[in-house]
Amino acid sequence: MRVSTATSSRSDSRVFTVVVQGYGVGKQRQAAREINVPFNRLQALVQSIALLGGQILSVTPAGETPASQPAAAAATPAPAAAAPSKPAPVSHADVPVNLYKPKNPFLGTITENYSLLGEGAIGRVNHITFDLSGGDPQLHYVEGQSIGIIPDGEDANGKPHKLRLYSIASTRHGDNLQDNTVSLCVRQLQYEKDGETINGVCSTFLCDIDPGAKVRITGPVGKEMLLPDDEEANVIMLATGTGIAPMRTYLRRMFEPSEREKNGWNFRGKAWLFMGAPTTANLLYDADFNHYQSQFPDNFRYTKAISREQQNARGGRMYIQDRVSEHADEIFAMIEDPKTHVYMCGLRGMEPGIDEAMSAAAEAKGLNWSELRPQLKKAERWHVETY
Ligand SMILES: Cc1cc2nc3c(=O)[nH]c(=O)nc-3n(C[C@H](O)[C@H](O)[C@H](O)COP(=O)(O)OP(=O)(O)OC[C@H]3O[C@@H](n4cnc5c(N)ncnc54)[C@H](O)[C@@H]3O)c2cc1C
């Protein structure tokens, strides 16, 4: 994407007026508006507009009247900048929220609780399913939401434990497609303190619990990680560890045959999962994702960063941000399409690395990531849930 400067040899103190439509947030998006920009920021603005799905109507030296054809402007973006003007909206309609609150939680029954890890993996991560039938109202949810779990027992002050949130790992139809279960992907928190191993209260409660036991559930909550309704949306997913939970719901909704039959949602866009884990044995739902990739090679791409087994270009450990850097050009090309959404989920510590990789990639294209990211967020195309 280039802005031609061949028509002028004047100094760089020039200011240009860009008339743009479908750029910005809220009411700003709707009307055509003028943005004055110094020459040295013009190319970055043009790229930013393209990235966010705006349409440039004209670019003229400030103070001059635009010619009737945008192409006659002094500085003209290449055709690639004329991206479709409307981003794919994420539907918030009919999203259930807080059907059950901490004072009146739903009592779900555990139906399954099994390890997701392979031989030799680090730590403990379980897939846990709860039966939700019999509630009034029925506890239901959509992909990208979380539920709260109130563990049994009391805290050190003799008070009931507070709820902990967990991203839902099943689609709205549940793993059994009966619309009456919810599944989670839970890592047991464990750390050392003063020579003693401390177990997290709720994660240990969940990883240890047996089928048949009743668990207090609240929610659902969350609208940050909802999928767009658009069947032609593109979805880039960045996950580490249990951050895979929402991504599993998206991918099942997109590619699991029985789920597709049930949901009638005929996904035709491109989905690209970047998954970070310390070892191969720690990759979660790996066989399912490999299978989707073999069945839908034109629609699904699966890129793994296995930190303790793979090396990055500098010879260090391969983290997810290294994979993002490797594929930065393709990722940015996808983001230029307003139908593309990016989802990030996992431990909070992953954010700076991803930001660094995106900043470097943006800079190489003459863009400023710290300006672009908030704009993508406002356009509801950059979705982050880290904890
Ligand atoms: C929106 C959201 C979604 C989430 N989704 C998931 C999910 O899908 N899967 C999942 O497993 N978790 C998820 N979590 C995290 C989950 O809510 C809990 O925080 C996690 O399970 C730990 O809870 P716990 O009761 O086991 O630990 P707690 O007993 O509450 O212990 C946690 C506390 O231990 C202390 N601590 C932790 N690590 C250390 C350390 N290394 N050194 C010293 N102190 C430390 C900190 O004070 C911390 O607050 C999510 C969180 C949010 C906010």
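Two exercises follow, on a ligand shell and on a sheet in a predicted model.

**Exercise 1. The ligand shell**

Task: Describe the residues around the ligand by proximity, element, character and domain.

Solution:
1. Start with proximity. The ligand has 20 residues around it. Those that come nearest are Tyr-191, Gly-200, Cys-202, Ser-203 and Tyr-387.
2. Move to the elements. Two or more shell residues come from each of strand E7 (164–167), strand E8 (181–187), strand E9 (190–193) and helix H3 (201–208).
3. Sort the shell by character. Nonpolar residues number 10, polar residues six and charged residues four.
4. Assign domains. Domain 2 (106–221) gives at least three residues to the shell, and domain 3 (234–386) also gives at least three.

**Exercise 2. The five-stranded sheet**

Task: Work out the strand order, find the edges, then place helix H6.

Solution:
1. Read the order. The open sheet runs E14-E13-E12-E15-E16, with parallel pairing. In general, strands of a sheet pair through backbone hydrogen bonds.
2. Find the edges. Strand E14 (300–306) and strand E16 (382–386) each pair on one side only.
3. Check the turn between neighbours. With direction ignored, neighbouring strands are turned by 10° on average.
4. Zoom in on one pair. Strand E13 (residues 271–277) and E14 are joined in the parallel sense over seven bridges. Ala-277 stands opposite Ile-306 of E14.
5. Place the helix. Helix H6 (residues 286–295) packs on the sheet and touches E13 and E14. The directions of H6 and E14 make an angle of about 140°.

Note on methods
Residues numbered from 1 in each chain as written. Predicted model: local features only at pLDDT ≥ 70, side-chain atom pairs only at ≥ 80, totals over all residues. Near = placed C-beta within 6 Å. Helix = DSSP H or I, 4+ residues; strand = E, 2+ residues; numbered from the N terminus. Nonpolar A, V, L, I, M, F, W, Y, C, P; charged D, E, K, R; others polar. Domains from an automatic or database assignment. Pairing = 2+ DSSP bridges. Axes fitted to C-alpha atoms, helices over the stretch in contact; angles between N-to-C directions. Contact = placed C-beta atoms within 7 Å.
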